[in-house]
Amino acid sequence: THTLVQLGLLRKDPDTKRFELTARVLEFGANYTRSNALVRAAAPHLLNLSKTTEEAVSLTVLDDVDIVYIQRLVSRNMLTTDVITGTRLPAYCTAPGLALLSGMPRSEALAIIERSDRKPITPKTKWAMDEIVEQLELTAEHGYALVVDQIYLNDISVAAPVYGVNGRSIAAVSIGVSKLRCTPEEARERFAPLLITVAEALSHGRPRPPDVKKPRA
């Protein structure tokens, strides 16, 4: 703590004697987004998705067993704004997490799921290994993931993987919407083709799944 205080990253409140982060910490996040080529490339696509759908749109990456939101545009229609840039969530029960895992070698994806702290975050969370593997297989088959009520109740999330030059997933683009605004089926029909189109634009030569059509202009 002494070192962090000297660096200006931490301060001690004179009244409560408790430590808190300073605004200087934000410089790390700002430097990351400015220097990250994928974030820069994704920005106009996410902005267009946000304007088109009026829903929350995100870009996430995998960090061990979690996903990290590295870009997030919130929506006025959201029930919760807890998820912002920098938020970490478990990969095994999130649409971006399943999308990222589906684009990895199966042995690596299963290893990540195995060492995850799997638990029922909501009454509807799919946390058993066989349920997660089934979700993973469907995601790989269809080219996108769709989950409902996994982290927050009344929340639908759809995500598609972005692939790097080596053919592995490097990120995921996603849309979050409330069940009060549409059904999972409507979310699948509206958002999956849009996300796959954006993911393809940011990827390097990964083929489109045969059962997903491009959205109409």
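These legends describe several close-up views of a predicted model.

**View 1. Helices α2 and α3 pack against each other.**
Two packed helices are described by the angle between their axes and the distance between the axes. Helix α2 covers residues 26-35 and helix α3 covers residues 37-53. Their axes are 5 Å apart and meet at an angle of about 75 degrees. Because angles from 65 to 115 degrees count as roughly perpendicular, α2 is described as roughly perpendicular to α3. On the α2 side, the contact is made by Tyr32, Thr33, Arg34 and Ser35. On the α3 side, Ala37, Val39 and Arg40 take part. Sorted by class, the residues of this contact are three nonpolar, two polar and two charged.

**View 2. Tyrosine 32 in helix α2.**
Is tyrosine 32 buried, partly exposed or exposed? Tyrosine 32 has a relative accessible area of 37%. Buried means under 20% and exposed means over 50%, so tyrosine 32 is partly exposed. Leaving aside neighbours within four places in sequence, tyrosine 32 is in contact with Val39 and Ile70. Val39 belongs to the α3 side of the helix contact in View 1. Tyrosine 32 and leucine 59 are 27 residues apart in sequence, and their C-alpha atoms are 14 Å apart in space.

**View 3. Asparagine 48 in helix α3.**
The relative accessible area of asparagine 48 is 48%, so this residue is partly exposed. How far apart in space are the C-alpha atoms of asparagine 48 and valine 198, which are 150 residues apart along the chain? The separation of these two C-alpha atoms is 9.9 Å.

**View 4. Valine 5 in helix α1.**
Helix α1 covers residues 2-6. Valine 5 has a relative accessible area of 33% and is therefore partly exposed. Not counting residues up to four places away in sequence, valine 5 touches Leu10 and Phe19. Valine 5 and alanine 30 are 25 residues apart along the chain, and 20 Å separates their C-alpha atoms.

**View 5. Two loop residues with positive phi, glutamate 54 and asparagine 154.**
Most residues other than glycine have a negative phi. Glutamate 54 has a phi near 60 degrees, a positive value in a residue other than glycine. Glutamate 54 is in the loop between α3 and β3, a strand of residues 56-63. At 41% relative accessibility, glutamate 54 counts as partly exposed. The phi of asparagine 154 is also positive, near 65 degrees. Asparagine 154 is in the loop between β6 (145-148) and β7 (155-163). With a relative accessible area of 32%, asparagine 154 is partly exposed.

**View 6. Helix α4 is mostly covered.**
Helix α4 covers residues 95-102. How many of the eight residues of α4 are buried? The count is eight of eight. The buried residues in α4 are Ala95, Pro96, Gly97, Leu98, Ala99, Leu100, Leu101 and Ser102.

**View 7. The second largest cavity and its lining.**
The count of cavities of 30 Å³ or more comes to two. The second largest cavity holds about 40 Å³ of space. Which residues line the second largest cavity? The lining consists of Tyr92, Cys93, Leu98, Lys126, Ile132, Gln135, Val147 and Gln150. Leu98 is also one of the buried residues of α4 shown in View 6. By class, the lining has five nonpolar residues, two polar residues and one charged residue.

Note on methods. Residues are numbered from 1 along each chain as its sequence is written. This is a predicted model: local features need pLDDT of at least 70, side-chain atom pairs count only at pLDDT 80 or more; totals for chains, interfaces and linings use all residues. Side-chain values use heavy atoms; hydrogens and water are left out. On a 1 Å grid over the protein atoms alone, a cavity is a set of points where a 1.4 Å probe fits but cannot get out, and a pocket is an open set with protein on both sides within 12 Å along at least five of seven lines; lining residues have an atom within 4 Å of a point. Grid points are joined across faces, edges and corners, and a volume is the space filled by probe spheres set on the points. Ala, Val, Leu, Ile, Met, Phe, Trp, Tyr, Cys and Pro count as nonpolar, Asp, Glu, Lys and Arg as charged, and the others, Gly among them, as polar. Axes are lines fitted to C-alpha atoms, for helices over the stretch in contact, and angles run from 0 to 180 degrees between N-to-C directions. Helices (H or I, at least four residues) and strands (E, at least two) are DSSP runs, numbered from the N terminus. Angles under 35 degrees count as roughly parallel, over 145 as roughly antiparallel, 65 to 115 as roughly perpendicular and the rest as oblique. Contact means heavy atoms within 4.5 Å. Buried means under 20% relative accessible area, exposed over 50%, partly exposed in between (1.4 Å probe, protein chains only).
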